[in-house]
Structures are given as structure tokens and as C-alpha cells.
Amino acid sequence: MTPDTTYQLLRNFTSPVVAITSERAGRTNGMISDSAVRASIVPTVPRLSVYVHKFNLSHDMIFESGRFVMHLLRQDQFDVIHRLGFVSGRTRDKLAGVAHRTGRLGAPVLDECYAHFECRIVNVMDTGSSTCFLGDVTDVGYGAATAARGEVMTAAYFRANMPAQWRKDYEEHLVAAQRFAEERSRDIRSVVWRGATD
Ligand SMILES: Cc1cc2nc3c(=O)[nH]c(=O)nc-3n(C[C@H](O)[C@H](O)[C@H](O)COP(=O)(O)O)c2cc1C
């Protein structure tokens, strides 16, 4: 099996497309992920996990603040994915044009989404190129569009239906992240989660 075929098969394990927001020392940011997973089967101990690449500004913001907000998106929210997932917050304030409020944990909650989940980190796992964050879900809510929430945006739906003019940027961003990850993936550190540092 070639690495490319293996990667295409691995794509079957992608999650719904989520927007993840963070806040550190007064600065807010948002990114997109398709590696979020329910991490608890206990209704009274709701948990989510997600892999965030060290390539992304969000990584350090989440690691240092110990919290994040994960948003399931509606199937019509291509614009949010484009805004948050195609460029880094290192170059601009990506949440400037996105309606949001401050959540109970202090990170931004997007008004428009399918649902949001505020999370406090309880453990992490280093992968070399990324960190898997395990979060306790401390607050949940639906997005503003109560009448027609529709379907949740999946990774497969996004890849199949994104506007054609975005595809080149999407592929280039992915290749850059893959190169960064390839250099670091075998350097797995023993990271002990001792809490937020900001
Ligand atoms: C559909 C899609 C899925 C993505 N999945 C992930 C992911 O699982 N983990 C990750 O770290 N970045 C993922 N990204 C990339 C980040 O969203 C992107 O690098 C973003 O620009 C990071 O912004 P930041 O530097 O402001 O944190 C994804 C992007 C898209 C469009």
C-alpha cells in the first residue's frame, strides 16, 4: 500500500469539522479541526479530545490557557471554515468578523454554530508534531439558528463541496502542515499535564 493510499484510507477516521476557539492573555483566536472525538461514555462526565498541530498558533494558546471551546458547525458554514482554517491567527485577528461572546471559561463562543462545548483540559498526549488535548466539557449550548439547524458539517462533505477556488489554498496549507509534521512526528515527548501556565 502506498503512503498516499494509506492516507486516503485514514481519512475515513476524520471527525465532523469543528471550530476551536481559544483565549490567552486577552488575545482570542479560532481554528478548524476534523480530529475531534467523544472521549467519554459517561453522561455525567462528558469529555472531548482533539489533535492540534504545533504548526498552529492555537496549539500554544490552548496549551498555555488550559481551555478551549469546540463548535460543531452547520453544513452551510463554509465561510467559517475558510476564515478560521485556511490562514493563521499569527497574521490577523480571525475572529474580528465572526459574531461571538465570551464563554464561562473565558474563551470565545461563536454565536453561529450547530452547538458549542466549553472544555477545560484534564490531560494531554504529545505526538511529536501535535498534542492530543483531553477536555472535560463544562458547558454546552446550541447555536443561534434554532429554526433550521440542519445537518452537522462532516469532513467528507466539506472536502466534496468546498468552493472550487478554495481547493488550491486548502491543498497547499495541508502540504505545509504535513511537511512540518513529518519532521517532528517521531520525536514524542513525555509531557505531564500540570495545568494551565498563563
Ligand atoms: C477541514 C480542515 C480540517 C483541519 N483539521 C485540523 C486538525 O485536525 N488539527 C489541526 O491542528 N489543524 C487542522 N486544520 C488546520 C488549521 O485549522 C489551520 O492550520 C489554521 O490556519 C490554524 O490557525 P491558527 O494558526 O490561527 O491556530 C484543519 C483545517 C481544515 C480546513
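Modeller: A residue counts as exposed when its relative accessible area is over 50%. The structure above is a predicted model.

Biologist: Is F13 buried or exposed?

Modeller: F13 lies in the loop between α1 (3-10) and β1. Its relative accessibility is 70%, and the cut-off for exposed is over 50%. F13 therefore counts as exposed.

Biologist: Which residues make the nonpolar surface patch of about 350 Å²?

Modeller: The loop residue F13 is one of the residues in this patch. The patch is made by Y7, L10 and F13.

Biologist: What is the order of the 7 strands in the open sheet?

Modeller: Strands of a sheet pair through backbone hydrogen bonds, either parallel or antiparallel. In this open sheet the pairing is antiparallel. The order is β2-β1-β5-β8-β9-β4-β3.

Biologist: Which strands stand at the edges of the sheet?

Modeller: An edge strand here has a single partner strand, so one side of it is left without a neighbour in the sheet. The strands at the edges are β2 (27-33) and β3 (36-38).

Biologist: In β4, which residue is the bridge partner of R38?

Modeller: β3 pairs with β4 (residues 47-53) in the antiparallel sense, over 3 bridges. In β4, the partner of R38 is L48.

Biologist: What angle does the direction of helix α2 make with that of β1?

Modeller: Helix α2 (residues 57-65) packs on the sheet and touches several strands, including β1 (18-24) and β5 (67-72). Its direction makes an angle with that of β1 of about 60 degrees.

Biologist: Which strands does helix α3 touch?

Modeller: Helix α3 (residues 78-85) also packs on the sheet. Its direction makes about 115 degrees with that of β2. The strands touched by α3 are β1 and β2.

Definitions and conventions:
Residues are numbered from 1 along each chain as its sequence is written. This is a predicted model: local features need pLDDT of at least 70, side-chain atom pairs count only at pLDDT 80 or more; totals for chains, interfaces and linings use all residues. Side-chain values use heavy atoms; hydrogens and water are left out. Two strands pair if DSSP finds at least two bridges between them. Helices (H or I, at least four residues) and strands (E, at least two) are DSSP runs, numbered from the N terminus. Contact means heavy atoms within 4.5 Å. Axes are lines fitted to C-alpha atoms, for helices over the stretch in contact, and angles run from 0 to 180 degrees between N-to-C directions. Patches are made of residues with over 30% relative accessible area and no salt bridge: like charges are joined within 9 Å, nonpolar side chains (Val, Leu, Ile, Met, Phe, Trp, Tyr) within 5 Å. Accessible areas come from the Shrake-Rupley method with a 1.4 Å probe; for residues, only the protein chains shown count as cover. A salt bridge is a side-chain nitrogen of Lys or Arg within 4 Å of a carboxyl oxygen of Asp or Glu. Buried means under 20% relative accessible area, exposed over 50%, partly exposed in between (1.4 Å probe, protein chains only).
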